[in-house]
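Let's chat about how charged side chains pair up in a protein. Have the sequence and the structure ready.

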Amino acid sequence: MFMRIDQLQAELPAPKKKDPNAAAALQELLGGKYGEMSTLGNYMFQSFNFRSKAKLRPFYDLVASITAEEIGHVELVSNGVAMLNNGPDNDGDEADGGDISGAPYEAMKDIRLAAAFLSNAGGATPVNGNGVGWNNDFITTTGNVIVDLLHNFHLECGARLHKLRVYETLTDPTGREVCGYLLVRGSVHAHAYALAIKKITGVEIEKMLPTPNIRLSNIPECQKYLAEGSHRRLYTWSPKDYKSISGIWGGEGEMALPGDPPGELEVIDGHPEGGKIHQLTGVPSAFTPDYAPEEMMEIADRLYKASR
């Protein structure tokens, strides 16, 4: 089962401006071939279908715990997309629907991913940067632990390439922060799968990292995560389960990758501290949450007070 916490895995800065085309680029990290829906879908169904869980516990625990992190990555990218479509933080919603007869959203017809506004009010969905839907064909779950781990290693390296290219298209701090955080955590996952393959086969596949060959030290948005040691940490995402990943990650004095800040790999029970979820501005003229929301806001306020 899964437990949900009302925070993002990382603190995202507010966007400097409304930028739906940047949001469309970030969508690629959600619903693209190597996006977070793919990493989540692969690891989740591999963990559900895993054979001989009891006998191969460290390998099952590795895939299962990373699954939980990937759910949070889907949430993080989705929030980044919605924030870029929403624009800078605003403490107050718009007052009313106003006059909609003058085509107030005429500019939206020219944005790269018009459906993100027309169908989703600027929200994220599992599509790529061109609006093509994510699908089951991106999932590999063979039942063969070596094949699945090799696939996962390839997927994480492909995702790194994906993130680097998207990063190079963005200037807004929101999108770049999403990329910076995910590049660090994706490096951890690639390293973890490489070590898992090494434990089974003896092949030192971790020597292939990083692929592509660009160090995290070259990316400003990665620096605070490197400084706090995020590149050396795997989380269990559970108060008591999945602890046997320490046999793969952090066992036998395994160290950080060359080029990253040095130190031993470590397993952390639970989850990272996380950051706030930004509030998106209500826009009645776009019927979000509705054209005249005052009555539902009053009802929601009464329900909230009754729950305290």
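Here are a few questions and answers on salt bridges.

This is a predicted model, so we go easy: local features need pLDDT of at least 70, side-chain atom pairs count only at pLDDT 80 or more, and totals for chains, interfaces and linings use all residues. Residues are numbered from 1 along each chain as its sequence is written, and side-chain values use heavy atoms, with hydrogens and water left out.

Q: How many salt bridges does the structure hold?
A: Side chains of opposite charge can pair when their charged atoms come close. Here a salt bridge means a side-chain nitrogen of Lys or Arg within 4 Å of a carboxyl oxygen of Asp or Glu. Going by that, the count is 15.

Q: Is Glu-75, the partner of Arg-4, buried or exposed?
A: In their salt bridge, the closest N and O atoms of Arg-4 and Glu-75 are 3.5 Å apart. Buried means under 20% relative accessible area, exposed over 50%, and partly exposed in between (1.4 Å probe, protein chains only). Arg-4 has 71%, so Arg-4 is exposed. Glu-75 has 17%, so Glu-75 is buried.

Q: How many residues apart in sequence are the parts that Asp-269 and Lys-243 tie together?
A: The closest N and O atoms of this salt bridge are 2.7 Å apart. Asp-269 lies in the loop between β2 and α8, and Lys-243 in the loop between β1 and β2 (helices, H or I, at least four residues, and strands, E, at least two, are DSSP runs numbered from the N terminus). So the pair ties together parts whose separation is 26 residues.
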